[in-house]
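Welcome, and please open the structure in your viewer. We will go from selection to selection and look at what each one shows.

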Amino acid sequence: MGAIDVADVALAYGDLRAVDGVSFTVAEGEFFGILGPNGAGKTTTLEVIEGLRKPDSGTVSVLGQAPWPRNAGLLPRIGVQLQSSAFFDALTAREQIHTFAAMYGVAAKRGDEWIERVGLTDKASVRADKLSGGQAQRLAIACALVHDPEIVFLDEPTAALDPQARRNLWDLLSGLNDSGRTVVLTTHYMDEAEVLCDRVAIMDKGKILKLDTPAALIRGLDAPVRISIKAGQLLAPQASELPGVDHVAEDPDGLVLTTRRPAEVLSRLGADNLLDGLQVKAATLEDVFLDVTGREYRA
Ligand SMILES: Nc1ncnc2c1ncn2[C@@H]1O[C@H](COP(=O)(O)OP(=O)(O)OP(=O)(O)O)[C@@H](O)[C@H]1O
């Protein structure tokens, strides 16, 4: 039995099958990601697991218990990151987390510790509605964790943040399961899922299309590696002749060689002294999405 077991869950809004026969298990201590574009059904899946919605069919078990009908016994054991719009705007960051601490019956000191851990100590006296997007997300994460839940659910924790703020938040997120806590995160960012998650379920149109570690998803793809060489080092016809090269494209910066045998190509380029300024780009989860859906990923 996992920390979470989801078996053949379906939920429709009218004619729309938002979740359409979804099954997966999340192991205890795992950092599990549900990745998919807008409207894929990620939030609805999460809400069913959290016990906020009743599925039309299928079963869910969280820490060995059914979350629906509302299971008050589970509430202290799970943490749900609320959208920052759910804050009490007139309260400061510290008052906000103290309120959450009081609701869960834990000492206010624990709230202060979380404020520090998420890097908001110098913003503790700022009203929640005056925090930046990234700071508000940090506060929301701290509030979800103040009672030290065994499982924490994070629904798009970095949505609407600029790239730098997103990356800053990754450091915080990546440490959240260090103490054996289970983390379930939804995201529409491929790179985020790849960096943070032990395993990723790729979801689209209510279904899970693939589920594995990011590395295994990419390896299973047999996608080519792209090697860029600086302009002026090698001519395209010569590059095409190199053993292992499948395709050569020219761009203003030089050549891009596509290969499924990168070791062979790289050792040959090394022997010819052509490694200077070379860049290697492996396949990403973006290529996996393209492979399973037949269309480009648009978050
Ligand atoms: N309360 C609702 N009533 C009707 N349709 C809904 C409702 N909530 C979601 N939907 C629809 O169900 C589908 C799945 O939505 P859901 O929010 O679960 O997807 P998502 O993957 O979380 O997307 P996003 O990243 O945009 O939040 C979407 O087409 C959405 O428009």
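Before the first selection, a word on classes: Ala, Val, Leu, Ile, Met, Phe, Trp, Tyr, Cys and Pro count here as nonpolar, Asp, Glu, Lys and Arg as charged, and the others, Gly among them, as polar. Keep in mind too that this is a predicted model.

**Stop 1: the cavity.** Select E50, G51, P67, R70, N71, L74, L75 and I78; together they line the largest cavity. Its volume is about 40 Å³, and a search of the whole structure turns up one cavity of 30 Å³ or more. Colour your selection by class and you should find four nonpolar, two polar and two charged residues in this lining.

**Stop 2: the pocket.** Keep E50 selected and add L52, V80, Q81 and L82. These five lie nearest the centre of the largest pocket, whose lining has 22 residues. The volume of this pocket is about 480 Å³. Now show the secondary structure: α1 (42–50), β5 (78–80), α2 (93–104) and α4 (133–145) each contribute at least two lining residues. Which of the elements gives the most to the lining of the largest pocket? That is α1, with four residues. Coloured by class, the pocket lining splits into 13 nonpolar, five polar and four charged residues.

**Stop 3: the ligand.** Next, select the ligand and the 13 residues that surround it; G39, G41, K42, T43 and T44 are the closest. Helix α1 returns here, as it supplies the largest share of this shell, three residues. Strand β2 (16–26) is also worth displaying, since β2 and α1 each supply at least two residues of the shell. By class, the shell divides into five nonpolar, five polar and three charged residues.

Turn on distance labels for three contacts:

- T44: an N or O atom of its side chain is 2.5 Å from a ligand oxygen.
- G41: a backbone N or O atom lies 2.9 Å from an oxygen atom of the ligand.
- A40: a polar backbone atom is 3.0 Å from a ligand oxygen.

How much of the ligand does the protein bury? Taken alone the ligand exposes 630 Å², and the protein buries 60% of that.

**Stop 4: the whole chain.** Finally, zoom out and colour residues 4–219 as domain 1 and residues 224–282 as domain 2. If you place a marker at the C-alpha centre of each domain, the two markers will be 42 Å apart.

Notes:
Residues are numbered from 1 along each chain as its sequence is written. This is a predicted model: local features need pLDDT of at least 70, side-chain atom pairs count only at pLDDT 80 or more; totals for chains, interfaces and linings use all residues. Side-chain values use heavy atoms; hydrogens and water are left out. On a 1 Å grid over the protein atoms alone, a cavity is a set of points where a 1.4 Å probe fits but cannot get out, and a pocket is an open set with protein on both sides within 12 Å along at least five of seven lines; lining residues have an atom within 4 Å of a point. Grid points are joined across faces, edges and corners, and a volume is the space filled by probe spheres set on the points. Domain bounds come from an automatic or database domain assignment. A residue is near a molecule or strand if one of its heavy atoms lies within 4 Å of it. A polar contact is a pair of N or O atoms within 3.5 Å; within protein, one must be able to donate a hydrogen and the other to accept it, and residues adjacent in sequence count only if both atoms are side-chain atoms. Accessible areas come from the Shrake-Rupley method with a 1.4 Å probe; for residues, only the protein chains shown count as cover.
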